[in-house]
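Please open the model in your viewer and keep the selection panel at hand. The tour begins with the whole chain and then turns to one element.

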Amino acid sequence: MPGVVGIVGAGTMGAGIAQLALEAGHEVVLHDVDVAAIERGRARIRSGLERRARRLDLDHESADAWVDGRLGRLRAGPAIDDVAAAEPLLIVEVALEDLETKRAIFRTLDAAVGAGTVLATNTSALSVAEIAAATGRPERVLGLHFFNPAPVMPLVEVVVPLGTDPAVAERATALVTAWGKVAVRCTDTPGFIVNRVNRPFTLEALAILGAGRASVTSIDAAIRGSGLPMGPFELMDLVGLDINLAAAMGIYDGSRAAGDPLAGRFMPSAIQERLVAAGQLGRKTGSGFYDYEPDGRPSGPAADFAHPGVAGDGLPAKAIVERIMLAIVNEAYRALGDEVATAADIDLALRLGAGHPIGPIERVEGLGGRGAVLAGLRRHAGDGPRFEPASSLLQQV
């Protein structure tokens, strides 16, 4: 048996990570402060395992045995002490994106489990170092940022703060790789790789919409036409506007706290804030940028966006794509200059974690080279801080 894995948080992501560990042969102890949530998590895990069994082309009896065999290694942990008592080799925290909540969980875990247990947070935007600082042994804490749905998405960002023991990072990387995931290393900076570099995908689209330069449907169509699977407004509706806004706010706040002079490039959009305040969160509430049928199919733009009043000089599709992609490429060069990750890992992360057909640094040649990218950024200088050329790009030009 490969050993025990603890999961703290039995929501969608926690259940997905638990499913991965079960499929890899681990015993899993699933904890949540809400005992009913553990049973809901178990149901999600069963459903996920059943879907996986169908893809294995097993007969009915074999599929049932395959699912039951893995569910048989899942245990409920109503208390944190239940997780600690199992002596897990790894605990993954998948609680709400709230720093103090996570710090309290890690403080408790640190006191309850032995020194050999690796403690990981699945945060998408919070500082892993600040979470680790709540423990007495921050060297065993790191980030393992899975993407939703965890059993399907191939990427895991292994977030390594300065204080993390390199051996701990190696153990965690080897483990998620054994689970069939592609691990990319990155430093502990706001948004890590994907949520930071791809942030202009939504923020720039919102800026174009807010300026009346293009409609929701035309922006989405332009981006799909460029080779991405979904447009930015379709993506925000799918993920949930509240979740997307929280990620944007986390990166914005983190960048300001770090003293980034251009943190304003991450400022969340007032359009999104208004929709979240009104409870229009996307597919899960039936309305966001689009309205949705009860079965989840989009029925057209939401009322606020059905008649967008786009100015006569509305941007053509090519210009929409250029503006959004230039901002993403520029942010990729900022991340490269900040040594968040290597160029190859930035490209790999954007392909696997955000659905880009090619990575942002790979995309440069298709945009005419670094000189052409710099010229394009300067053409858009009046469109905000996202187009202020990255120093690493300037150096390379």
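The stops below proceed from overall dimensions to a single helix.

This is a predicted model, in which local features need pLDDT of at least 70, side-chain atom pairs count only at pLDDT 80 or more, and totals for chains, interfaces and linings use all residues. Residues are numbered from 1 along each chain as its sequence is written, and side-chain values use heavy atoms, with hydrogens and water left out.

**Whole chain**

Select the chain and colour it by secondary structure: 19 helices and ten strands appear (DSSP runs, H or I of at least four residues for helices and E of at least two for strands, numbered from the N terminus). The radius of gyration is 22 Å, close to the 21 Å from the globule rule for 397 residues, so the chain is as compact as a globular protein of that length (taken over C-alpha atoms; the rule is 2.2 Å times the number of residues to the power 0.38). Along the principal axes, the C-alpha atoms fill a box of roughly 65 × 50 × 40 Å.

Next, colour by accessibility; 52% of the 397 residues count as buried (under 20% relative accessible area, with a 1.4 Å probe and protein chains only).

**Helix α1**

Now select residues 12-23, helix α1, whose twelve residues reach 17 Å from first C-alpha to last, close to the 16 Å expected at 1.5 Å a residue (1.5 Å times one less than the number of residues). How many of the twelve residues of α1 are buried? Ten are, so α1 is largely enclosed by the rest of the structure; among them are Met13, Ile17, Leu20 and Leu22.

Finally, select glycine 25, just after α1, where phi is positive at about 100°.

Technical notes:
Buried < 20%, exposed > 50% of the residue type's maximum accessible area, 1.4 Å probe, protein only.
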